[in-house]
Amino acid sequence: MAVEPQTALLEATEDRRAAGSEPAGAESHTPGRESRVKRWGRRGSYVLVMLGALALWELIVAAHLFPAVALPSPVHVLHSFAKTATKGYLGKTLGQDILYSVVRVGIGFLGAVVLGVPIGLLMAESALVHRVVDPFLQLGRPVPPLAYIPLFVVWFGLGELPKILLILVGTIPIMIISTIGGVRSIPQQRYEVARCLGAKRRQIFARVTLPSTLPEIFTGMKVGIGIAWSTLVAAELIAASVGLGWLVEQAATQLRTGIVIAGIIVIGILGYLMELGIRLVERAVIPWRGNV
Amino acid sequence: MAILEMRDVTLRFGEGRSGGDAGPATIERVSLELGDNEFLTVLGPSGCGKTTLLRIVAGFEKATSGRVLFDGSEVKAPGSERVMVFQQPWLYPWLSVRKNVAFGLELQGGRVDWKRVDEMIDVVGLSGFSSYPPYRLSGGMQQRAALARALVMSPKILLMDEPFGALDAQTRQDLQEFLLSLWERLQVAVMFITHDVEEAILLGDRMLVMGTRPGCIALELPIELPRPRTEQMMLEPAFLEIRRQALDTLREVALRAAGITGTGAGDLPGVPADGIGGGGAPETGQAQQNSTGQNSTGQNSTGQKSTGQGVNEDVRLPGAAGQATEPVAGSPRGA
């Protein structure tokens, strides 16, 4: 019974429900399936909410509920932002601060991914490796990355290395754990299909385990980038001479609240953009996510 | 000539081997043969070990005792001459339909015969969908792609584990007809597991009905209906007679299973008090021999045949009920 592509296409849409008898563990949400109208409606509402918040902020400032030093107006913050961006603050422009922070996060985070994923894969595949590494993981995980700062300063000084290492150390547990979780959640049948088609161990690893683990790895990356970013900013608050955390800290000591708030907003936007970037990569690498 | 031969195959799972009650079912002293290009259907209630049986043939499970010979040699590991088709298609979502079908060939190294891949995609009626990711296809189409992925390996036997169980009635019927037409064309043996009586009769040359706890073959029936088979045959007397026998056996099996869990088991004569596997197992053979020998209700219009040892022709015989129950009650997982 050869099926005409067109009728079959109908069948394909009709039968999505039948195909809904998806293997257990399949995620039900399908990214990017939102209708265009709905998407723009959602974005529009975000913009409206932000504008409303700004208006409220302006109102509170106008009512003089707080001293201007504590809560400058949105316009003042915008002004501080423009000044820091063009003329800089304490000899460093906003662009330099952003560049330093982003590069530190970029290297530390990528290091955590590049090291964490293979470690996770090894731990999932080998009981021995798991037994050796897991105690360190379990002990190290509850330690807030900031607790390492004094030690890292003693060991590596105040340069770039301790900051990058701190990000790496803070982010690597989540990468390892997500990777292990990804391997562990692979349905047995995915392996069995490959085995009865004649796959050897190494082939199964490359052709089944690795791709199957990607969704969990990306989930780990989305959580990890948040950890990396907050670790970095915190590190810069304590020990740095350039960077967004340093900027915010310095401005605060001089009661330049406009710059502090502008800096915080930049930190927030950059963090959001980084996660967005990972989402875009994810969509390109695993378009099948949620469609198992 | 037999392509597959199982002799007294027993599989018990050690404690802790299977977590919880969803674990695989045990089977006890199953013997069967499968001829070249034969279509064998295995019918049984859930938990009777029919999937376990199939997994042993596939090489995923190793029998505790007994022999499994495939094409003359012992089955030790999975291999592409015995490809399994699962209830779910389990296509790889990161590969296109074409790459999924070619999956097994690519594993062999060397150049993939893409012409053969495309031909097989054509055979299963998916030529327009080669480049699609599998999740864009309907459940039925996905299962056809899974079939193509298996058949492209030129297996000697297809092991099908309720492959149409998750599909809606119409798609299921389409695929049943489709599978039969494929099988007639491609010359491959099929071992087809199902819990659907009609499906088992409609598809098979021969049908095995399995009993539970432990899994064993309760009834073997040749299905002497002409081919090609059609839905209309399901109303013919011959079909209905086979169906009646199969259902009777299933009912008997269910009653026995219920009898064990109830208080009745203790009242039965000859049930060993300790009731652990080793003691019960040898008696299985006796019980079967007895029932085969004494059985007089087994004869019928469709011509039951016995292939000898290990095949219990009829478990309905009232006189043999006590004995027939005995090894079951003595099974390791009796209750």
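Which residue follows α2(A), and what is the sign of its phi? The residue is A:His64, with a positive phi near 55°. The model is predicted; local features need pLDDT of at least 70, side-chain atom pairs count only at pLDDT 80 or more, and totals for chains, interfaces and linings use all residues. Residues are numbered from 1 along each chain as its sequence is written, and chains are lettered from A and ligands numbered from 1 in the order in which they are written.

**View 1. Helix α2 of chain A, residues 36–62.** Helices (H or I, at least four residues) and strands (E, at least two) are DSSP runs, numbered from the N terminus. The end C-alpha atoms of α2(A) are 39 Å apart, in agreement with the 39 Å expected for 27 residues at 1.5 Å a residue; the expected span is 1.5 Å times one less than the number of residues. Of these 27 residues 0 are buried, so the helix lies largely in the open (buried: 20 or more other C-beta atoms within 10 Å of its own, with C-beta atoms placed from the backbone).

**View 2. The open sheet of chain B.** Its 6 strands run in the order β6-β7-β8-β3-β9-β10, with mixed pairing (paired strands have at least two DSSP bridges between them). The edge strands, β6 (82–85) and β10 (216–222), each pair on one side only.

**View 3. Strands β3 and β9 of chain B.** Residues 39–43 and 206–211 pair in the parallel sense over 4 bridges. B:Thr41 stands opposite B:Met207 of β9(B).

Notes: A residue is buried if 20 or more other C-beta atoms lie within 10 Å of its own, exposed if 12 or fewer, and partly exposed in between; C-beta atoms are placed from the backbone.
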